[in-house]
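Please open the model in your viewer and keep the selection panel at hand. The stops below are arranged so that each selection leads on to the next.

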Amino acid sequence: MIEKKFVQSIKELIFSQRCPICLRSNSDSHYICFECYRDLKRKGSLKNIENYYYLYYYDESIKRLIADFKLKNRKSLGKEIALLMKKPLNSLIGEKNVDIVLPVPISKARERERGFNQVEELLEECEISYEKVYREKNTEHMYKFLNEEKRKENIYKAFQNKGLDLNGKTILIVDDIVTTGSTIKEMIKELTKKSTPKQIYIFSFAVSKIFKP
Ligand SMILES: [Zn+2]
């Protein structure tokens, strides 16, 4: 597993000029090639499963796109992802009369390691203002846990609302990828511990096909 990952990251370093979606080498100044961008635009309408809104299914190409953005510190790829999100996300905020946007926080340790919180970065690129809750626990990467119970354990009490008054507010939680939803559910637990929001919606760039609210 580790070896496979290592080989993959070496490959990614060598072929970093490739479009993360189709893997063809890309000579223009964008990361996502013109054809893939057009295709993503076409496919990326706002969809929902109950109160979870999303644009894409988390398939291999979207996985590479997010991984490139997060792990290779390509902030400029974030601009291209934000361009795909901006319109549908803003229309959701308008349509639902959202009062507070809350990006899913990452721990301080992870932020130091990565250099930025990818969700905050995307919101900033979209020029959407947001408030913050905190991640107090240095959790393991969720992808390491296939088992739902283990995921819940890992994320248990990871978040802290340091004094945001959410009473009667319509909240939109924003994440890049929702897989099982256990991170979101734990965050909602914290948000509803001391206050009673009017409504909570979730927006993520992508959602896994196994996700059930
Ligand atoms: Zn492409």
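Begin with Glu127, which is found in the loop between α6 (118-125) and β4. Please note at the outset that this is a predicted model. Display the backbone of Glu127: its phi is near 55°, a positive value in a residue other than glycine. Is Glu127 buried or exposed? Its relative accessible area is 66%, and because exposed means over 50%, Glu127 counts as exposed.

**A second positive phi**

Select Lys157 next, in the loop between α7 (148-155) and β5 (159-160). Lys157 also has a phi near 55°, a positive value in a residue other than glycine. With a relative accessibility of 58%, Lys157 is exposed.

**The zinc site**

Now select the zinc ion and show the side chains around it. Which residues coordinate the zinc ion? The sulfur atoms (SG) of Cys19, Cys22, Cys33 and Cys36 do so, at 2.3 to 2.4 Å. Along the chain, these donors follow the spacing C-x2-C-x10-C-x2-C. Why is the arrangement of the four donor atoms tetrahedral? The angles that the donor atoms subtend around the zinc ion run from 101 to 116°, and four donors count as tetrahedral if all angles lie between 85 and 135 degrees.

Take the cysteines one at a time. Cys19 is buried, at 0% relative accessibility. Cys22, at 28%, is partly exposed. Cys36 has a relative accessible area of 8% and is therefore buried; its place is in helix α2 (residues 34-43). Draw a C-alpha to C-alpha distance between Cys36 and Cys19: the two are 17 residues apart in sequence and 8.2 Å apart in space. While cysteines are on display, one may also look for disulfides; a search of the whole structure finds zero.

**The second largest pocket**

Move on to the second largest pocket, which has a volume of about 150 Å³. To show its lining, select Pro105, Ile106, Ser107, Lys108, Glu111, Asn117, Glu120, Lys132, Val133, Tyr134, Arg135 and Glu136. Which elements give two or more residues to this lining? They are α5 (108-114) and β4 (134-135). Colour the lining by residue class, and it divides into four nonpolar, two polar and six charged residues.

**Leu123 in helix α6**

Return to helix α6 and select Leu123, which is located there. Leu123 has a relative accessible area of 0% and is buried. Add Phe203 to the selection: Leu123 and Phe203 are 80 residues apart in sequence, and their C-alpha atoms are 12 Å apart in space.

**Leu71 in helix α3**

For another leucine, select Leu71, found in helix α3 (residues 60-71). Is Leu71 buried or exposed? At 62% relative accessibility, Leu71 counts as exposed. From Leu71, draw a line to Val178: the pair is 107 residues apart in sequence and 18 Å apart in space, C-alpha to C-alpha.

**Gly168, between two strands**

Select Gly168, in the loop between β5 and β6 (170-178). Gly168 is partly exposed, with a relative accessible area of 45%. Its C-alpha lies 31 Å from that of Glu148, although the two residues are 20 apart in sequence.

**Helix α8**

Finish with helix α8 (residues 182-191) and display the rest of the structure around it. How many of the ten residues of helix α8 are buried? Seven of the ten are, so helix α8 is largely enclosed by the rest of the structure. To highlight the buried residues of α8, select Ser182, Thr183, Ile184, Glu186, Met187, Glu190 and Leu191. When viewing the selection, recall that an α-helix has 3.6 residues a turn, so residues three or four places apart point the same way.

Key. Residues numbered from 1 in each chain as written. Predicted model: local features only at pLDDT ≥ 70, side-chain atom pairs only at ≥ 80, totals over all residues. Heavy atoms only, no water. Donors = N, O, S within 2.8 Å, 3.2 Å for Na, K, Ca; no water. Tetrahedral: all angles 85-135°; square planar, octahedral: opposite > 155°, others 65-115°. Buried < 20%, exposed > 50% of the residue type's maximum accessible area, 1.4 Å probe, protein only. 1 Å grid on protein atoms, 1.4 Å probe; cavity = no way out; pocket = protein on both sides within 12 Å on 5 of 7 lines; lining within 4 Å. Points joined across faces, edges and corners; volume = space filled by probe spheres on them. Helix = DSSP H or I, 4+ residues; strand = E, 2+ residues; numbered from the N terminus. Nonpolar A, V, L, I, M, F, W, Y, C, P; charged D, E, K, R; others polar. Disulfide = S-S within 2.5 Å.
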